[in-house]
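Me: I would like a close look at a single part of this protein, with its surroundings described carefully enough that I can follow along in the coordinates. Please take the open sheet and what packs around it, and keep the answer connected.

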Amino acid sequence: APSGTCARMWTLTLTSAALAAVRSPIALSSRPIRSGLRARVLACDPSGTPVSNGTAMDLSFESFMGEARRRGLDKFERMRERGPHAETAPRQVVEFVLHSLREGDLQSAFAFTALPPDIAGKGMANAPLDRRMDWSTARVINGNPSGQVLDFAGFEAMVRERFSFLLHGKAADGFGFVGSSPLWGKPNVPVHADQEYFVEVGAALVRIELTYCWLLFCHVVTSVRVLRAPVDGYAGLPDGMRLDL
């Protein structure tokens, strides 16, 4: 038991905490107080390594990340498994697509690309999902994508020809969003409104436009424009496109 000055300090602390709890209605609770709670103490072997059930525990960063992925805490892994769905925000779609390209996963980028208007208007059971919009030529007209349509092979060729700097090994500097956030999620703005993001990828600046797909209940990438070339003499622009805003 505490004694002397420590005892008086201990009593004062408890009294102050008790008074605060009584005066604050937020602190009151009708839930019964659980008894027998104990702090868990990890046992260690002679070398100081924590053990559980007689087995040494790996507390390295790699082990932690592996456990996080196993428990489904990696949002990109969840998006890759689920595909486009209603719980995905437009900014998350942009992050996921750029991350997928950097990892060389063009199939996932293809999955989060806009469907042609004639397909997007059909029911899910009758809609062929093997075609997507061409990022380099597509335009957004009255909230709908318009332009050339590609299968996956054509989509992969387009990305490698026009946006090779976004692929694995070419975006080591990462990417960052430029400017204020779009209107998505703000009052009086429809959740299905078109969105556009300006993103710096290494030395390049790109504009990414998204439209809402009523078939997938999710914003998807419709158009990608290179506003600032990643290197001098970059030849990956469609005919007639200029590097300006």
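Reply: What follows starts with the whole chain, turns to the sheet, and then moves to the core and to a few individual residues.

The model is a predicted one, and the protein in it has seven helices and eleven strands. Of its 245 residues, 33% are buried. When contacts with a separation of 6 or more are considered, residues 24 or more positions apart account for 49% of them. The protein exposes about 15,600 Å², of which carbon and sulfur atoms supply 55%.

The sheet in question is open and consists of four strands in the order β8-β9-β10-β11, paired in antiparallel fashion. Its edges are formed by β8, which covers residues 175–178, and by β11; each of these has a single partner strand, so one side of each is left without a neighbour in the sheet. Averaged over the sheet, and with direction ignored, neighbouring strands are turned by 30° against each other. At the β8 edge, the antiparallel pair of β8 and β9 is joined by four bridges, and one residue pairing can be named there, since F175 has V201 in β9 as its bridge partner. Across β8, β9, β10 and β11 lies the helix α4, which runs at about 150° to β8.

The helix α4 also matters for the description of the interior. The largest nonpolar core has 32 residues, and within it L101, W135 and I208 touch the most other members. The elements that give two or more residues to this core include three strands of the sheet, namely β9 (195–201), β10 (204–213) and β11 (218–228), together with the helices α3 (75–82), α4 (90–102), α5 (106–111) and α7 (152–162). It is α4 that provides the largest share of this core, with six residues. Apart from this core lies another one, of nine residues, with A114, M133, C213 and L215 among them.

One residue that helps to trace the surroundings is T113, located in the loop between α5 and α6 (117–120). T113 has a relative accessible area of 0% and is therefore buried, the limit for that class being under 20%. The side chain of T113 makes a polar contact of 3.2 Å with the side chain of W135, and W135 is itself one of the residues that touch the most other members of the largest core. With neighbours within four places in sequence left aside, T113 is in contact with R132, M133, W135, F155, V220 and V221. Among these, M133 belongs to the nine-residue core.

Two backbone positions deserve a separate look, one beside the sheet and one elsewhere in the chain. Most residues other than glycine have a negative phi. F217, in the loop between β10 and β11, has a positive phi of about 55° although it is not a glycine. Its relative accessibility is 46%, so F217 counts as partly exposed. N142 likewise has a positive phi of about 55° without being a glycine, and this residue lies in the loop between β5 (139–141) and β6 (144–146). With 76% relative accessibility, N142 counts as exposed, because that class begins at over 50%.

Methods: Residues numbered from 1 in each chain as written. Predicted model: local features only at pLDDT ≥ 70, side-chain atom pairs only at ≥ 80, totals over all residues. Heavy atoms only, no water. Buried < 20%, exposed > 50% of the residue type's maximum accessible area, 1.4 Å probe, protein only. Contact = heavy atoms within 4.5 Å. Areas by Shrake-Rupley, 256 points an atom, 1.4 Å probe, with all protein chains shown as cover. Core = buried A, V, L, I, M, F, W, Y, C linked by side-chain atoms within 4.5 Å. Pairing = 2+ DSSP bridges. Axes fitted to C-alpha atoms, helices over the stretch in contact; angles between N-to-C directions. Polar contact = N/O pair within 3.5 Å; in protein donor to acceptor, adjacent residues only side chain to side chain.
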